Amino acid sequence: MSLTTNKMFYVSWEAFHRATKELAKMCLNGEYDSIVAVSRGGLVPAAILARELNIRVVDSICVSSYDHDQQRELKILKDAALQDSPKLLIVDDLVDTGETAKALREHFPLACFVTVYAKPQGKPLVDKYVTDIEQDTWIQLPWDMELAYSAPLAEQ
């Protein structure tokens, strides 16, 4: 996937927070006791889920599979110290082609894998997600964008 697509899906902080709280509602009855955030995209939703589900044990697994807008071979840069368990939540912002999800499924076969957004190719690999996104759509998440001053029309 690259930014050559014309389809963009812009996500505000408020919309992302609202969707992640919806994901937390979906996880309430899971009796989860720990979270592994997939760095970097999973860090923000993992923090929100940890708060909403009252989970205090949070770790991260650091993977690299993109160079900004180009997907490449997945590398685990730092592994999580937490043990695989049915009470473990693996959290990422989105599942796209599913390559990261496949690797994480092999690494944590007992855990529950959740994302906020899911594209068709990767959707079968997650246990829970909130929003469907078309495969050829690039998601602009709030931490990848900046607010900028816009001059009044009269000054342009």
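Asp127 is partly exposed (between 20% and 50% relative accessible area, where buried means under 20% and exposed over 50%, with a 1.4 Å probe and protein chains only), its relative accessible area being 43%. This residue pairs with Arg105 in a salt bridge (a side-chain nitrogen of Lys or Arg within 4 Å of a carboxyl oxygen of Asp or Glu), and their closest N and O atoms lie 2.9 Å apart. This is a predicted model, in which local features need pLDDT of at least 70 and side-chain atom pairs count only at pLDDT 80 or more, while totals for chains, interfaces and linings use all residues. Residues are numbered from 1 along each chain as its sequence is written, and side-chain values use heavy atoms, with hydrogens and water left out.

**Salt bridges**

- The Asp127 and Arg105 pair links distant parts of the chain, 22 residues apart: Asp127 sits in the loop between β6 and β7 (131-132), and Arg105 in helix α3 (residues 99-107).
- Arg105 is partly exposed too, at 22% relative accessibility.
- Lys7, Glu134 and Asp136 form one network through salt bridges that share partners.
- Another bridge joins Glu52 to Lys21, at 3.9 Å from N to O.
- Here as well distant parts of the chain are linked, with Glu52 in helix α2 and Lys21 in helix α1, 31 residues apart.
- Glu52 is partly exposed at 26% relative accessibility, and Lys21 is partly exposed at 35%.
- Within helix α1, Glu22 bridges to Lys25, with 3.9 Å between the closest N and O atoms.
- Because Glu22 and Lys25 are three residues apart in helix α1, about one helical turn separates them.
- Lys25 is exposed at 55% relative accessible area, whereas Glu22 is partly exposed at 36%.
- The salt-bridge count comes to 11.

**Nonpolar cores**

- The largest nonpolar core (buried Ala, Val, Leu, Ile, Met, Phe, Trp, Tyr and Cys residues joined through side-chain atoms within 4.5 Å) has 23 residues, and those with the most contacts inside it include Ile35, Leu49, Val91 and Tyr117.
- At least two residues of this core come from each of α1 (13-27), β2 (34-39), α2 (43-52), β5 (88-95) and β6 (112-118); helices (H or I, at least four residues) and strands (E, at least two) are DSSP runs numbered from the N terminus.
- Helix α1 gives the most to this core, with five residues.
- A second, separate core has 15 residues, among them Ile61, Leu88, Ala101 and Ala118.

**Around Tyr117**

- Leaving aside residues up to four places away in sequence, Tyr117 is in contact (heavy atoms within 4.5 Å) with residues including Phe9, Phe16, Asp93, Thr131 and Leu141.
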